Amino acid sequence: MRAAVCASYGSPEHVFVSDIDAPALGPGQVRIRVHAAAVNFPDVLLVADKYQLSVPVPFTPGSEMSGTISEVADDVDGLAVGDLVTGTALVGAFAEEAVVGAAAVNRLPAGTDLRLAAAFGVAHRTAYHVLRSVGRVQPGDELVVLGAGGGVGLAAVQLGALLGATFTAVASSDEKLAVAAQLGATRLIDHRTTDLRQALKDQIPGGTDVVVDPVGGALAEPALRSLHYGGRFVTVGYASGEVPRIPLNLVLLKGITILGFQFIDFVGNAPDEWARNEAELVELFVDGRAVPHVGAVFPLEQTSAALRLVADGQAVGKVVIEI
Ligand SMILES: NC(=O)c1ccc[n+]([C@@H]2O[C@H](COP(=O)([O-])OP(=O)(O)OC[C@H]3O[C@@H](n4cnc5c(N)ncnc54)[C@H](OP(=O)(O)O)[C@@H]3O)[C@@H](O)[C@H]2O)c1
């Protein structure tokens with residue numbers, strides 16, 4: 001099969017496309033003929049060996065995909081050859097075929113757009129769990145979303161609007177902010193051309209209820225300072241490459257709460273909330289209220305270019321690789 005391969009750690013340009021053996025099917029797994037796969041920031045980090053987990057080379061990157069089941073292990077119930085599905089795994093999605101644990105596979109109704117389905121898994125789920133269970137966003141809340149043009153950020157914008165929040169999108173270009181506005185952001189701040197702390201002060205004089213931060217770096221503290229007494233700051237990722245160091249006196253003075261979310265830990269630690277959120281989210285996707293914004297589509301042969309776009313923070317919404 002054709003597959004993207006990371007044979008040595010490094011930049012996205014280390015990833016090439018080659019003919020390799022299809023992965024063997026193990027117990028509890030299904031084989032998916034991949035139609036589309038979406039790129040996520042952690043794919044870039046895994047290729048660079050800078051993620052919190054290390055995958056031995058050579059490996060095929062890619063963590064979320066949509067496609068058709070082509071083989072099912074004997075011990076798997078409830079899934080069949082021919083089912084349209086999405087699947088998630090740490091790696092393996094940027095290929096013609098992928099094997100995925102049955103528990104990480106969700107069936108899709110006939111007629112689902114497989115490109116959109118591939119782009120829905122990681123960013124929207126992360127954003128929804130963050131807003132619903134960690135940030136506990138309520139209708140009317142003032143929300144600030146950093147990295148609002150990226151995968152997680154734009155999903156948080158869209159889902160925040162569906163949860164009834166009023167919110168401010170913070171991003172680095174007119175293009176990203178325009179898409180955030182289309183998806184419901186009412187206030188837009190370009191942090192490259194505006195002083196973020198002053199802009200938030202001016203635009204939200206009563207202060208913010210919740211900040212969602214998938215970027216970190218220099219933007220985190222001014223966003224945190226915009227919280228009113230008792231507000232909540234949710235740290236989701238560090239796409240800037242810098243883990244922010246927040247002076248704790250700000251937490252004391254403002255009586256705020258700093259919270260964290262990590263996908264893999266939330267599943268096991270809050271299974272009931274996880275299940276409720278996942279069910280709500282699938283409904284939002286299937287009835288067309290929460291559809292990912294796909295900013296760029298690449299063929300499999302150009303996987304490294306797709307990874308490069310994400311590595312540079314240039315993606316608007318999701319980047320999809322069509323197989
Ligand atoms: N905790 C979890 O479970 C979880 C789940 C999924 C993702 N994440 C993390 O969340 C972060 C965002 O993921 P994503 O998929 O939304 O990424 P993305 O689509 O690439 O968006 C990241 C955003 O970060 C900003 N950014 C600032 N400096 C950057 C830099 N040096 N390089 C790249 N981007 C930079 C960019 O926004 P502006 O230029 O507009 O500021 C960009 O749009 C990543 O760190 C990822 O690992 C965490």
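The sheet I want to start with is open and has six strands, in the order S10-S9-S8-S11-S12-S13, and its pairing is parallel. Two of these strands, S10 and S13, which covers 257-260, are the edges, each pairing on one side only. On average, neighbouring strands in this sheet are turned by 15 degrees against each other, with direction ignored. Keep in mind that this is a predicted model.

Take one end of that order. Strand S9, residues 166-171, pairs with strand S10, residues 187-190, in the parallel sense, over four bridges. If you want a place to look, find Val170, which stands opposite Ile189 in S10. What does the chain pass through on the way from S9 to S10? The connection is helix H5, residues 174-182, and this β-α-β crossover is right-handed.

Further along the sheet, strand S11, residues 208-213, and strand S12, residues 227-235, are also a parallel pair, here over five bridges. Thr208 is a useful marker, as it stands opposite Leu227 in S12. As a reminder for anyone colouring side chains, in a regular strand they alternate between the two faces of the sheet.

Now the ligand. It is surrounded by 26 residues, and the closest are Gly151, Val152, Ser172, His191 and Phe263. By class, that shell has 14 nonpolar residues, 10 polar ones and two charged ones.

Which contacts involve oxygen atoms of the ligand? Lys176 places a polar side-chain atom 3.2 Å from a ligand oxygen. For His191, an N or O atom of the side chain is 2.8 Å from an oxygen atom of the ligand. Phe263 uses its backbone instead: an N or O atom there lies 2.8 Å from a ligand oxygen.

How much of the ligand is covered? Taken alone, the ligand exposes 910 Å², and the protein buries 87% of that. Four elements give two or more residues to the shell: helix H1 (41-47), helix H3 (122-134), helix H4 (151-162) and helix H11 (303-311).

Last, two backbone details, both in the loop that runs between H1 and strand S4, which is 64-72. Most residues other than glycine have a negative phi, and most peptide bonds are trans. Asp49 sits in this loop, and its phi is positive, near 60 degrees, although the residue is not a glycine. Pro58 is in the loop too, and the peptide bond leading to Pro58 from Val57 is cis, with omega near -5 degrees.

Technical notes: Residues numbered from 1 in each chain as written. Predicted model: local features only at pLDDT ≥ 70, side-chain atom pairs only at ≥ 80, totals over all residues. Heavy atoms only, no water. Near = heavy atom within 4 Å. Polar contact = N/O pair within 3.5 Å; in protein donor to acceptor, adjacent residues only side chain to side chain. Areas by Shrake-Rupley, 256 points an atom, 1.4 Å probe, with all protein chains shown as cover. Nonpolar A, V, L, I, M, F, W, Y, C, P; charged D, E, K, R; others polar. Pairing = 2+ DSSP bridges. Right-handed = clockwise from strand over helix to strand, strands pointing away. Axes fitted to C-alpha atoms, helices over the stretch in contact; angles between N-to-C directions.
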